[in-house]
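Reader: I would like to learn how to read a structure such as this one residue by residue and element by element. Could we go through it together, starting from a single side chain and its surroundings?

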Amino acid sequence: MALRSVSRRIGSRILNHRSFVASLHSHATSFGFQEIKEEDKSKLVGNVFTNVASSYDIMNDVMSGGLHRLWKERLVGKLSPFPGMKHLDVAGGTGDVAFRIYDAIYSVKRRALQKVDEASLEETQIYVCDINSNMLNVGKQRAAERGLRDNKSLVWVEGDAEALSFDDNSMDGYTIAFGIRNVTHIEKALAEAYRVLKRGGRFLCLELSHVEIPVFKNLYDLYSFQVIPNLGELIAGDRESYQYLVESVRRFPPQERFAAMIADAGFEKVEYENLVGGVVAIHSAIKL
Amino acid sequence: INSSSVHLGKQSKRGRLRRRSSFHFSWQRSHLRVTKLKPLTLRRTMYRTAAKHLLGGGGAFTSTRLLRFPKLRSTIIPSSYTSGLCTSSMGGNTESPMGNQSVNPNQSDHTAASSSSSSTSTGEGPRRNESRKPRAEFQEEQARVLSASLRHVPRLGWTEEAMMAGSRDVGVSPSIVGSFSRKEAALVEFFMDESLQLLMDRIDSGLDLQNLIPSARIAKLIRIRLEMQIPYMSKWPQALSIQAHPLNVATSFKQRAMLVDEIWHAVGDGASDLDWYVKRTILGGVYSTTEIYMLTDDSLEHRDTWAFLDDRVKDAFDLKKSIQEAKYFAEDIGAGVGKSVQGLMNGVMQTMSRRSGGSAF
């Protein structure tokens, strides 16, 4: 029994080591299962999101059966936002996470239960950064629908996760939900995250990840490759984009590999939590 | 590696927590301790099984995997726990399992065996040679923030606000509070550990206990410990309710048990028979009732509390005598069955003369 687990560990370790270097480089040159040139990746991804922007939210609901809301709630719960915080949500174009953070901070219930300094409420800044202006526009529209169009706390910024325009040590929190697998160079994005965070600031990443549970894995693969592209065609009229999506999930490093990358960027206390058996994982870390 | 972050043997020599040059907080210690090869003492088994029973049940939908990153990247060793409880105890993980693993820097697989023990979850920055340093940093930061937060507790209570104020004092972003497991409980447990440490320091630095009878010694030690809570008395009920929360019961139970054990050891208790459990339980009861009495005591310098304490300690000692009486009497009864009534009466007379004076009847 012990021997089996030991040999499994050796086996996986060798396999991981060999494919580790390979897969890392290949993320930058892979577009789903296709091989592409590095320079082209961001353009191709940009095209995908320009195409899907308008139906992004509906498709999220359909593909995940509404579960993505719970996942984002969990993410924001883990973050524990507080009044006066400066938060950066990267690749958060349509504003899902940002709105939840805003609600968590400004909720009347919270204000009733805890002593909240009104002045610090004023200082709260939630920056939503996205490389794609179409996604940002959808987000601004949703903000207007909620009556937050002119709210000073929500700031919509167009920018690249690999080259953020924010100052060093300026953010209390950094979240990236379902965005990090779309960047060309993951390490650069992580390094930027490390740069902009203050000491004690938290990094949280919500991402589709790898499932290891035997039978469930097969079901999930079936669902991903058979059902989702068809849904994409049916609802959004765009099969290729959703094909890219499910392929990019498979190409993304698995949970532990990604956690190792986060640690390499300089973060402390790196942890991850699997939701739905690994379909989604929340990685968290602290800059010290 | 120090094989004893907590020596909890029944022998008197090992009956006390040995202090190391670096702090070991119980809130840092996971219930999953590294198994040592030497035989476990009864008490350690008791705590471990108690903790396991209390903590083992939380089968959850999500599972948290916690990683540690030793020198070589290829030896990432995951351990899976149930969520909630484990992220809770992960917040501070002891140095002992870490030390265990850093001893084996190569890809030796028996480190995998210790994956059944706890593993800490700090990332390592650019590859450093001392794998201890980055891990220790988070523990230290957490300790520093919690220590600074205690100043704000009388005003803000045992809450996240106090901890955020504390983090601002230290110069760290308040977000770090979001990463503490079981947030308010972390603060309370930190305080409990610190008070225990202070108590041990007071004992070590020459508290005069020799001239006192055991009951007076116990009263004095409990008094010293309870006086540490006086600054927080207005918010102590909140702390008690936090400790009573199901998620936190296991750790608070363990902390109180260590406290009681420490007090008995300082009093000079060398017993190793069944009495040991009874003694700890009774003292635990005395301590808790006094603590609760103190919550509503308005008298000058808590005089009423100390009087209450003395009474309870006296009761406890009387109780001890009564139990012993009952034991002897039962022996006699048992021995008397099969003997004549005369023989039985002789036995009883013997017992009564054995006791010199005091009677529980």
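Reader: Which residues is A:Gln255 in contact with, leaving aside its neighbours within four places in sequence?

Author: The model is a predicted one, and in it A:Gln255 is in contact with A:Ser209, A:His210, A:Tyr272, A:Asn274, A:Gly278, A:Ala281 and A:His283, once its neighbours within four places in sequence are left aside. As for its own place, A:Gln255 lies in helix H12 of chain A, which covers residues 255-264.

Reader: Is A:Gln255 buried or exposed, and what does its side chain reach?

Author: A:Gln255 has a relative accessible area of 6% and therefore counts as buried, since the cut-off for that word is under 20%. Its side chain reaches the backbone oxygen of A:His210 at 3.0 Å, and A:His210 is also one of the residues in its contact list.

Reader: How is strand S8 of chain A placed, and how many of its residues are buried?

Author: Strand S8 of chain A, residues 268-275, has eight of its eight residues buried, so the strand is largely enclosed by the rest of the structure. S8(A) pairs with strand S9 of chain A, residues 280-286, in the antiparallel sense over six bridges, and within this pairing A:Glu273 stands opposite A:Ile282 in S9(A). The two strands form a hairpin with four residues between them, and A:Val276 in the turn has a positive phi of about 50°.

Reader: How should I read a positive phi in general, and which residue in the loop between S6 and H9 of chain A should I look at?

Author: The general idea is that most residues other than glycine have a negative phi. The residue to look at is A:Phe178, which lies in the loop between S6 and H9 of chain A and has a positive phi of about 55° although it is not a glycine. A:Phe178 counts as buried because its relative accessibility is 10%.

Reader: What is the phi of B:Glu301, and is that residue buried or exposed?

Author: B:Glu301 has a positive phi of about 55° and is not a glycine, and it lies in the loop between helix H12 (275-295) and helix H13 (303-336) of chain B. With a relative accessible area of 65%, B:Glu301 is exposed, whereas A:Phe178 is buried.

Reader: Which strands does strand S6 of chain A pair with, and in what sense do they run?

Author: As general background for reading any such pairing, in a regular strand the side chains alternate between the two faces of the sheet. In this case, four bridges join strand S3 of chain A, residues 86-90, to S6(A), and the two run parallel; six bridges join S6(A) to S7(A), which also run parallel. A:Ile176 in S6(A) is the bridge partner of A:Val90, and in S7(A) the bridge partner of A:Ile176 is A:Cys205. Between S6(A) and S7(A) the chain crosses through helix H9, residues 186-196 of chain A, in a β-α-β crossover that is right-handed. Strand S6, residues 171-177, is mostly covered, with seven of its seven residues buried.

Reader: How should I read a helix, and which elements do the buried residues of H11(A) pack against?

Author: An α-helix has 3.6 residues a turn, so residues three or four places apart point the same way. Helix H11 of chain A, residues 239-251, has 13 residues and reaches 19 Å from its first C-alpha to its last, close to the 18 Å expected at 1.5 Å a residue. Its buried residues include A:Ser241, A:Tyr244, A:Leu245 and A:Ser248, and the buried residues of the helix pack against strand S1 (30-31), helix H2 (38-52), helix H3 (56-64), strand S7 (197-208) and helix H10 (214-236) of chain A. At the start of H11(A), a side-chain oxygen of A:Asp238 reaches to within 3.4 Å of the backbone nitrogen of A:Glu240.

Reader: Turning to chain B, what does its secondary structure come to, and which residues does B:Leu259 touch?

Author: The secondary structure of chain B comes to 14 helices and two strands, and 53% of its 361 residues count as buried. B:Leu259, found in helix H11 (residues 246-267) of chain B, counts as buried at 3% relative accessibility. Not counting residues up to four places away in sequence, B:Leu259 touches B:Leu196, B:Leu199, B:Arg225 and B:Tyr287.

How values were computed:
Residues numbered from 1 in each chain as written. Chains lettered and ligands numbered in written order. Predicted model: local features only at pLDDT ≥ 70, side-chain atom pairs only at ≥ 80, totals over all residues. Heavy atoms only, no water. Expected span 1.5 Å × (residues − 1). Buried < 20%, exposed > 50% of the residue type's maximum accessible area, 1.4 Å probe, protein only. Contact = heavy atoms within 4.5 Å. Polar contact = N/O pair within 3.5 Å; in protein donor to acceptor, adjacent residues only side chain to side chain. Pairing = 2+ DSSP bridges. Right-handed = clockwise from strand over helix to strand, strands pointing away.
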